[in-house]
Amino acid sequence: MSAKALLLGLLPWAAILAGCGLGAGPAPTAVQLTVTRDFGATIINRSGALKVKGQETVMSLLMRNYTVATRYGGGFVQSIDGLSGREGAQPLDWFYYVNGLQATIGAAASDVHPGDHIWWDRHDWSQTEDVPAVVGSFPEPFLNGIGGKRYPVRVECSKVGAYACDTVSARLSAAGVPAAIAALGSGAAPLTLRVLVGPWSQIGGGLGAQSIQRGPRASGVYALFSPDGSTLTPLDERGRRLAALRGGTGLIAATRNGEDAPVWVVTGTDAHGVELAASDFDQPTLQDRFAVALVPGRVLALPEAQG
């Protein structure tokens, strides 16, 4: 079991009992619950409509809708609908995300807020136990925020007024998210949700994005740009490099530094790649994906699962 999973799983019985969803008060509305495996590659379907009752926690919501086996005193998810988080010595575990952010507390201690998108995924953690932010819950976290609190949103563009900048802003607006537009390098804002739009050669050094170039252990993003930003190399779940993608390639990804608000990037190898990424900045493209690379006519989920 990973250190991260241990942190999320080991909870005193008091915390577990307090999080059983039996408390007084109305049930949270407009909640979504998704369970997948292999970085979102396969959905684990549930029977019937989502059941929500009382003041749910992430753990109680899961147990109300799936068959869950636990260990370590009941606070750690061992299996969901028979799919175990452990297969021999393989580095596999269940992780959960709320509105696209990886949890930092146990599921039984995490309250569910109205509009929350809860996502459990079982995946290989050989490269990293920390994937701090993912894009697959879009339009979260922009719409309902973090911990029940909405944050201001700012789209920072290498070229304000260009197609990519306007498209990203329009997609957020269509999802009910007002966003300010600013030029790149407009200043740090740890409590602002930022979307950086532009070629990697221009945004890669920006505050919040630099960790992507250091690989998944630093950012949770399974892709690497060349030093000049002209090629993008996807990585599989074990960190192995796949075929490099050249001109006209886009990337949509998210990362997070500590407790700061996450930073998203809508970027690419060149202007064409950025425009391609911006045109696919929508829920159908991003749903249940940790990050995506885009080439004309094809969307590549990152990382690529190897079974």
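Which residue does a disulfide join to Cys157? The partner is Cys165, with the two sulfur atoms 2.1 Å apart. The points below take up this bond and its surroundings, then the salt bridges and the sheets.

1. **Status of the model.** The structure is a predicted model. Its chain has a mean pLDDT of 89, and 91% of the residues reach 70 or more. Residues 1-22 have a pLDDT below 50; in the model this stretch makes 51 contacts beyond near neighbours in sequence. Any reading of those contacts should keep the pLDDT of residues 1-22, below 50, in view.

2. **The disulfide.** The structure holds one disulfide, the bond between Cys157 and Cys165. The torsion about its S-S bond is about 80°, and the disulfide is therefore right-handed. Both ends fall under the 20% limit for buried residues: Cys157 has a relative accessibility of 2%, and Cys165 has one of 1%.

3. **Surroundings of Cys157.** Cys157 belongs to strand β9, which spans residues 153-157. Leaving aside residues up to four places away in sequence, Cys157 touches Cys165, Ile181, Ala182, Ala183, Leu184 and Val197. Ser79 provides a contrasting position: Cys157 is separated from Ser79 by 78 residues in sequence, and their C-alpha atoms are 43 Å apart in space.

4. **The salt bridge of Glu156.** Strand β9 also contains Glu156, which is paired with Arg194 of strand β11 (residues 193-199); the salt bridge therefore ties together parts 38 residues apart in sequence. The closest N and O atoms of Glu156 and Arg194 are 2.9 Å apart. Glu156 is buried at 1% relative accessibility, and Arg194 is likewise buried, at 7%. Through shared partners, salt bridges join Arg154, Glu156 and Arg194 into one network.

5. **Pairing around β11.** Which strands pair with β11, and in which sense? Strand β9 pairs with β11 in the parallel sense over five bridges. Strand β15 (residues 263-268) pairs with β11 in the parallel sense over six bridges. In the first pairing, Arg154 stands opposite Arg194 of β11; in the second, Val195 stands opposite Trp264 of β15. Arg154 and Arg194 thus appear in the β9 and β11 pairing and also in the salt-bridge network with Glu156.

6. **Burial of β11.** Is β11 largely enclosed or largely open to the outside? Seven of the seven residues of β11 are buried, so the rest of the structure largely encloses this strand. The 7% relative accessible area of Arg194 is one instance of that burial.

7. **The five-stranded sheet.** Five strands form an open sheet in the order β2-β1-β8-β6-β7, with mixed pairing. Its edge strands are β2 (42-43) and β7 (101-102), each of which pairs on one side only. Within the sheet, strand β1 (residues 32-37) pairs with β8 in the parallel sense over six bridges. Arg37 has Arg122 of β8 as its bridge partner.

8. **The salt bridge of Asp124.** How many salt bridges are counted in the structure? The count comes to seven. One of them joins the side chains of Arg238 and Asp124, at an N to O distance of 2.3 Å. Asp124 lies in strand β8 (residues 117-124) and Arg238 in the loop between β13 (232-234) and β14 (250-255), so the pair ties together parts 114 residues apart in sequence. The two partners differ in exposure: Asp124 is buried at 3% relative accessibility, whereas Arg238 is partly exposed at 36%.

9. **The salt bridge of Asp282.** Asp282 forms a salt bridge with Arg171, and their closest N and O atoms are 3.8 Å apart. Asp282 is located in the loop between α7 (271-279) and α8 (283-286), while Arg171 is in helix α4 (residues 163-174); the pair therefore ties together parts 111 residues apart in sequence. Arg171 is partly exposed, with a relative accessible area of 28%.

Conventions:
Residues are numbered from 1 along each chain as its sequence is written. Side-chain values use heavy atoms; hydrogens and water are left out. A disulfide is a pair of cysteine sulfur atoms within 2.5 Å. Buried means under 20% relative accessible area, exposed over 50%, partly exposed in between (1.4 Å probe, protein chains only). pLDDT is the predictor's confidence in each residue, from 0 to 100. Contact means heavy atoms within 4.5 Å. Helices (H or I, at least four residues) and strands (E, at least two) are DSSP runs, numbered from the N terminus. A salt bridge is a side-chain nitrogen of Lys or Arg within 4 Å of a carboxyl oxygen of Asp or Glu. Two strands pair if DSSP finds at least two bridges between them.
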